[in-house]
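Got your viewer open? Load the model and get ready to click along.

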Amino acid sequence: MALNTWLIYLLASIGLSLTPGPNSLLALTHGALYGARRTLFTIVGGVFGFSALIALAMFGLTALLQASASVLTVLKWVGGAYLVWLGIQLWRSPALHLEASERTARLGNAGLFRQGLLSALANPKVLLFYGAFLPQFIDPQRGLLLQFAIMAATFASVECLVEYLLARLAFRIRPWLAKGGKGFNRCCGGLFAVIGVALPLGR
């Protein structure tokens with residue numbers, strides 16, 4: 001990948017990883033219940049799940065691009081529209097309220113890993129999201145496999161780091177999300193909308 005494209009992708013990945021979602025909320029909850037070290041099992045499970053979904057999106061995109069290079073332009077605009085729609089939905093969503101249950105407090109390390117993995121895999125919207133997000137950064141003149149590998153490794157690393165920080169700061173972040181979560185949702189929703197509009201226009 002071109003360095004400037006990768007840097008833009010890195011910044012977008014950081015912003016998207018900070019957006020509230022099932023796995024980030026799970027990392028917060030488990031961080032409060034078990035501490036950051038044990039929550040690493042949850043985080044690694046989620047990263048495995050995300051990696052599998054990214055791979056599925058990549059295989060689908062590769063097949064489409066091999067059929068026709070002009071498909072990439074269509075994918076960028078359709079994906080951009082989807083990201084804008086997600087941004088609007090997130091803007092309108094209420095603040096998050098995290099509740100820890102006694103049931104989750106009895107999980108072992110394997111259970112933590114399993115919950116992280118299933119939380120990532122059980123959301124079909126994630127696959128649609130990657131299908132919309134990844135085409136914005138693809139250069140059809142370069143090797144697709146290497147680009148996909150770089151994007152997958154970058155996103156997985158960023159997601160792992162962000163979720164670990166959330167787990168470490170769980171006790172401080174949870175009350176803040178309940179009070180200021182609406183504004184945070186609007187910031188993240190605005191980020192989605194900006195990405196959805198700017199990237200197709202800029203390439």
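We'll start with the whole chain and then pick out a few spots.

**The whole chain.** This is a predicted model, so turn on a cartoon view and look at the secondary structure: you should find eight helices and zero strands. Now colour by burial: of the 203 residues, 44% are buried. Switch to a surface view, and you're looking at about 10,500 Å² of exposed area, with carbon and sulfur atoms supplying 69% of it.

**Helix 1.** Select residues 3–17, which form helix 1, and pick out Leu11 there. Is Leu11 buried or exposed? Leu11 counts as exposed because its relative accessible area is 62%, and the cut-off for exposed is over 50%. Add Ile14 and Leu18 to your selection: together with Leu11 they make a nonpolar surface patch of about 280 Å².

**The loop.** Next, click Gly21, in the loop between helix 1 and helix 2. Gly21 is buried, because its relative accessible area is 18% and buried means under 20%. Now select Ser119 too. Gly21 and Ser119 are 98 residues apart along the chain, yet their C-alpha atoms are separated by 9.7 Å.

**Helix 2 and helix 7.** Select residues 22–34 for helix 2 and residues 144–168 for helix 7. How do the two axes sit? They come within 7 Å and cross at roughly 35°, and the crossing is right-handed. To see where the helices meet, show side chains: the helix 2 residues include Ala27 and Leu28, and among their partners in helix 7 are Glu163 and Leu166.

Terms used:
Residues are numbered from 1 along each chain as its sequence is written. This is a predicted model: local features need pLDDT of at least 70, side-chain atom pairs count only at pLDDT 80 or more; totals for chains, interfaces and linings use all residues. Side-chain values use heavy atoms; hydrogens and water are left out. Patches are made of residues with over 30% relative accessible area and no salt bridge: like charges are joined within 9 Å, nonpolar side chains (Val, Leu, Ile, Met, Phe, Trp, Tyr) within 5 Å. Accessible areas come from the Shrake-Rupley method with a 1.4 Å probe; for residues, only the protein chains shown count as cover. A salt bridge is a side-chain nitrogen of Lys or Arg within 4 Å of a carboxyl oxygen of Asp or Glu. Helices (H or I, at least four residues) and strands (E, at least two) are DSSP runs, numbered from the N terminus. Buried means under 20% relative accessible area, exposed over 50%, partly exposed in between (1.4 Å probe, protein chains only). Axes are lines fitted to C-alpha atoms, for helices over the stretch in contact, and angles run from 0 to 180 degrees between N-to-C directions. A crossing is left-handed if the near helix is turned anticlockwise from the far one by less than a right angle, and right-handed if clockwise. Contact means heavy atoms within 4.5 Å.
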